[in-house]
Structure formats: C-alpha cells, structure tokens
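Visitor: I am new to this structure and should be grateful for a close look at one place in its backbone. Please begin there, and then connect that place with other parts that deserve attention.

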Amino acid sequence: MHTVREAYAILDGAVSPADAEMVPLAEALGRILARGVVSDVEWPPFDTSAMDGYAVRAGEAPGEPGRRERPGLVAAGDPVPPPLLPGEAVRLMTGAPLPAGTDAVVPVEESRREAGRVRFDREPRSGAHLRRRGESVAGGTALLAEGQRLDPAGVALAALAGADPLSVRRRPRIAIATTGNELVLAREKPPEGHLRDSNGPMLAALCRARGWPAVLSAPVPDEAAAVDRLFAAGSDEFDVLVTSGGVSAGDLDLLPPAAERAGWEILFHRVSVRPGKPVAFARRGRSFWFGLPGNPVSASACFHLFVRRALDRFEGAREPGAPQVRARLTRELPPAGPRETYRDALLSDDEGERRVEPLRSAGSHDLLSHAHANALIRVPAEGGPLPAGSIVTCVLLER
Ligand code: AMP
Ligand code: MG
C-alpha cells in the first residue's frame with residue numbers, strides 16, 4: 001500500500017501536459033496557457049489625458065487673464081493634435097491624445113473660461129491627470145505566463161496584447177461511470193435496498209466546475225460482462241475514465257481485475273489514506289483510469305486529492321492539485337492512526353487569521369456533513385492528537 005506522497009509521485013510521473021491548441025480569446029476563459037503572452041504594444045499606447053479638462057504646460061505663469069484656449073476639442077480616438085504653444089490651453093476629453101509639450105491636465109471642474117481665455121482655481125502641478133505612453137506596460141513585457149489559468153483579468157491582458165487566438169492546452173476529455181447493483185438514477189424512486197446515484201452527478205459537476213468536459217453514463221451493474229465493456233472503450237473516446245465503486249476488497253469489487261484483463265496497467269491500488277483507501281489508478285496507452293471508492297465522501301476526497309492533481313497536470317497547470325492553506329484549529333482532533341486522514345472542515349477568516357473548525361461527520365457516507373465543508377483538514381499518519389490552537393494543513397474544496 002502506498003502513502004499519499006508516493007501516490008502523488010506516481011501520478012506526477014505518469015501524467016504529462018497535453019498538446020496545445022489555438023482557441024479564440026472569446027472561448028479561452030479558464031484555459032491553461034500553453035505559451036506566455038508578451039505585449040506587442042506599450043500601455044498606454046500614447047500620452048493621454050486622465051480627465052476631461054485642459055492640456056497645459058505647468059508653471060509657465062501666464063498671469064491674468066489666464067491661458068489662451070485653442071478653439072475646438074480633442075476627443076478619444078482623434079489624431080494627435082499639434083504641439084502646445086506657450087500660454088495655450090487645449091480642451092480635451094478623457095482618453096484623448098495629448099499635444100506635445102503638455103505636462104499637466106487641469107480638470108474642467110477646476111477651470112473657468114471667459115472670452116477665449118481659461119483660468120484655473122490653482123496653478124497646475126506638473127504631471128497631474130495625465131498618463132504617459134508605456135508607464136504601465138513597456139513594449140515586450142511578459143503579461144501572462146505559460147501554465148497560468150486564464151481568468152477575466154488575464155482575458156483583458158491578452159486582449160491588450162493582441163493575443164487572439166491564443167495557444168492553450170487541450171482539456172482532458174473525461175468519462176464518468178458509477179458501478180453498483182444498488183444504484184438508481186436521481187430522477188427515480190429507489191426500491192427497498194437501493195439508493196440514488198449521487199457520485200455520478202457529483203463527479204461530473206466537479207469536472208465541469210473546472211471547465212473539463214465530462215460525459216456521465218448510466219450506472220453499471222456489478223456484473224463481469226458490464227464492467228468489461230466499461231474498460232473496453234478506447235482512448236479516442238476519453239483521456240481519463242473516472243469510476244466509482246467496485247474497488248474495495250469485497251466479492252463484488254470487480255473493477256481492478258477487469259481493468260487488468262482489458263490491458264490496463266495498475267499504477268496504484270490502495271493508498272494509506274482515510275477516507276479513500278481502495279482508490280486505484282491505471283494507465284493504458286495515453287488514457288488513465290481512476291477507480292474511486294463508492295462511499296460518497298471517499299469519492300469526493302479522492303477526486304480532490306488525486307484526480308484533480310492528475311487533471312491539472314494533464315492540462316499543464318503550473319501548480320497542479322487542490323490548493324492547500326495553513327489554518328488554526330478550533331478544537332482538538334484525535335490521532336489519525338496508521339492512515340493519513342482528511343476530515344471535513346469549515347475554514348473561515350477570524351479578523352485576518354484563518355481558522356478551521358472540524359465538522360462532525362457520521363462517516364464516509366455522510367454527504368450532508370461533507371456538503372457543508374469547504375476544506376479537508378489533513379491529519380498526518382502515526383501522530384498524536386492535534387491540539388486546539390495548533391496550525392494544520394487544509395486542502396481547499398474548490399467547487
Ligand atoms: P463500494 O465502493 O462499491 O463498495 O460502495 C461503497 C458504498 O458506497 C456502498 O454503501 C454503496 O451503496 C455506496 N455507493 C456506491 N456507489 C455509489 C454512488 N454512485 N452514489 C452513492 N452511493 C454509492
Ligand atoms: Mg459497489
């Protein structure tokens with residue numbers, strides 16, 4: 001049986017980033033950049049006004065009756081106006097190009113105009129209310145890095161830099177299948193001894209919440225022929241197959257032997273973790289299989305700990321895996337015992353300090369406790385109790 005750390009090393013060794021593809025910027029939100037974005041322009045791209053007002057030369061002491069106002073108005077998008085003459089003020093709008101020689105803009109609210117002259121409440125300060133070409137971004141600046149996930153701010157930077165279309169990593173295609181004779185669909189009323197499949201919809205939602213396309217099939221019965229069909233599908237249909245159920249040591253735990261019969265190489269089966277000990281990971285060609293346990297909290301924890309890491313790596317993310325943070329524990333936790341343990345918990349902010357409250361859970365079937373959690377507290381294997389007030393590692397449940 002592998003430790004969590006060993007399982008991570010196996011995953012990291014097996015999964016490498018997918019190919020790049022070009023996508024239009026309008027469809028690139030949430031994608032991982034396969035190439036960094038370098039600006040081909042300066043920002044701002046020309047000297048420009050930050051206010052509606054007057055372009056002037058500061059400190060030229062024009063005396064009474066103020067500066068001569070040049071007739072007309074310069075607006076955003078207009079050509080660069082002729083240079084400023086001594087004693088002159090040029091009326092312009094926010095975003096307008098500045099005439100050469102401008103070193104301040106006086107807001108219109110601080111000005112009074114009379115008979116072709118304009119006077120200001122106070123003498124303008126050099127540099128006020130104008131933006132110099134390239135002051136935010138010099139030409140050739142790296143704006144976005146390879147491996148970065150494109151968020152809305154990144155979309156804006158890509159647009160500024162003319163990166164449309166842009167090069168991103170191909171997303172993993174995911175097939176999800178749940179197994180178990182007891183399962184019925186969510187829209188059905190379970191007969192005695194049956195229950196609704198919650199893992200299938202949950203796993204599909206976990207994938208889709210991160211932008212990964214996932215196809216969910218109907219529950220597969222615990223029968224060798226049905227399970228064999230599951231593993232027969234080819235890598236042209238999916239990159240990653242995620243199943244739930246059928247991987248623990250019971251008689252009906254048919255999946256690992258079926259996977260091996262179909263030519264999958266099991267890279268790990270069983271990890272020293274709680275919940276989620278039976279988790280399996282295998283490879284065939286360029287495809288991967290994650291066999292998650294059927295217990296809903298175990299399935300979710302294994303997704304966040306293992307599947308998420310592999311899918312992030314597949315997509316070429318710079319920091320694969322669910323983010324981890326440190327937080328102060330609100331009450332004592334018992335020792336983990338021999339297996340590294342992850343407990344449902346609620347992270348919150350206590351006047352700038354992160355605190356984490358363990359939630360009472362009835363066990364790895366307690367989907368309701370898990371649904372209230374926004375993090376899992378990591379309790380190291382073979383340690384003592386974690387005292388109240390100690391600093392612990394938490395895995396964020398980003399959903
Ligand atoms: P298994 O890992 O197949 O032995 O299943 C362990 C437990 O999880 C059993 O109590 C199952 O009824 C339950 N379970 C299995 N699959 C699902 C599922 N798709 N949705 C909800 N519960 C499940
Ligand atoms: Mg089962």
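**From an exposed loop to the ligand**

Guide: Glu 351 has a relative accessible area of 80% and is therefore exposed, the cut-off for that word being over 50%. The model is a predicted one. Glu 351 belongs to the loop that links strand 23, residues 340-350, with strand 24, residues 353-358. Its phi is positive, near 45 degrees, although the residue is not a glycine. Such a value deserves notice because most residues other than glycine have a negative phi.

A second residue of this kind is His 129, likewise not a glycine, whose positive phi is near 60 degrees. His 129 is placed in the loop between strand 9 (117-120) and strand 10 (130-131). With a relative accessible area of 32%, His 129 counts as partly exposed, since that category runs between the 20% and 50% limits.

The peptide bonds of the backbone also call for attention. Most peptide bonds are trans. Trp 43 and Pro 44, however, are joined by a cis peptide bond with omega of about -5 degrees. Pro 44 is situated in the loop between strand 2 (37-38) and strand 3. Another cis bond links Asp 164 to Pro 165, and its omega is about 0 degrees. Pro 165 is part of the loop between helix 2 (152-160) and strand 12 (166-169).

Strand 3, which follows the loop of Pro 44, covers residues 48-49 and includes Ser 49. The relative accessible area of Ser 49 is 0%, so this residue is buried. A polar atom of the Ser 49 side chain lies 2.5 Å from the backbone oxygen of Met 51.

The next element to consider is helix 6. This helix spans residues 296-314 and has a kink of about 45 degrees, centred on Phe 303. Of its 19 residues, 18 are buried, and helix 6 is therefore largely enclosed by the rest of the structure. Just after the helix comes Gly 316, with a positive phi of about 80 degrees.

Ser 298, whose number falls within the range of helix 6, may be compared in position with His 2. These two residues are 296 positions apart in sequence, while their C-alpha atoms are 17 Å apart in space. His 2 occurs in the segment before helix 1 (4-14), and at 26% relative accessibility it is partly exposed.

The account may end with ligand 1, which occupies the largest pocket. There are 16 residues around ligand 1, and those that come nearest are Glu 182, Asp 197, Ser 198, Gly 246 and Gly 294. Three contacts involve oxygen atoms of the ligand. From Glu 182, a polar side-chain atom lies 2.7 Å from a ligand oxygen. From Gly 294, a polar backbone atom is 2.8 Å from an oxygen atom of ligand 1. From Asn 295, a backbone N or O atom is 3.1 Å from an oxygen atom of the ligand. On its own, ligand 1 has 480 Å² of accessible area, of which the protein covers 77%.

Definitions and conventions
Residues are numbered from 1 along each chain as its sequence is written. Chains are lettered from A and ligands numbered from 1 in the order in which they are written. This is a predicted model: local features need pLDDT of at least 70, side-chain atom pairs count only at pLDDT 80 or more; totals for chains, interfaces and linings use all residues. Side-chain values use heavy atoms; hydrogens and water are left out. The bend at a residue is the angle between axes fitted to the seven residues ending there and the seven starting there. Helices (H or I, at least four residues) and strands (E, at least two) are DSSP runs, numbered from the N terminus. Buried means under 20% relative accessible area, exposed over 50%, partly exposed in between (1.4 Å probe, protein chains only). A residue is near a molecule or strand if one of its heavy atoms lies within 4 Å of it. A polar contact is a pair of N or O atoms within 3.5 Å; within protein, one must be able to donate a hydrogen and the other to accept it, and residues adjacent in sequence count only if both atoms are side-chain atoms. Accessible areas come from the Shrake-Rupley method with a 1.4 Å probe; for residues, only the protein chains shown count as cover. On a 1 Å grid over the protein atoms alone, a cavity is a set of points where a 1.4 Å probe fits but cannot get out, and a pocket is an open set with protein on both sides within 12 Å along at least five of seven lines; lining residues have an atom within 4 Å of a point. A molecule sits in a cavity or pocket if more than half of its atoms lie within 2 Å of its grid points.
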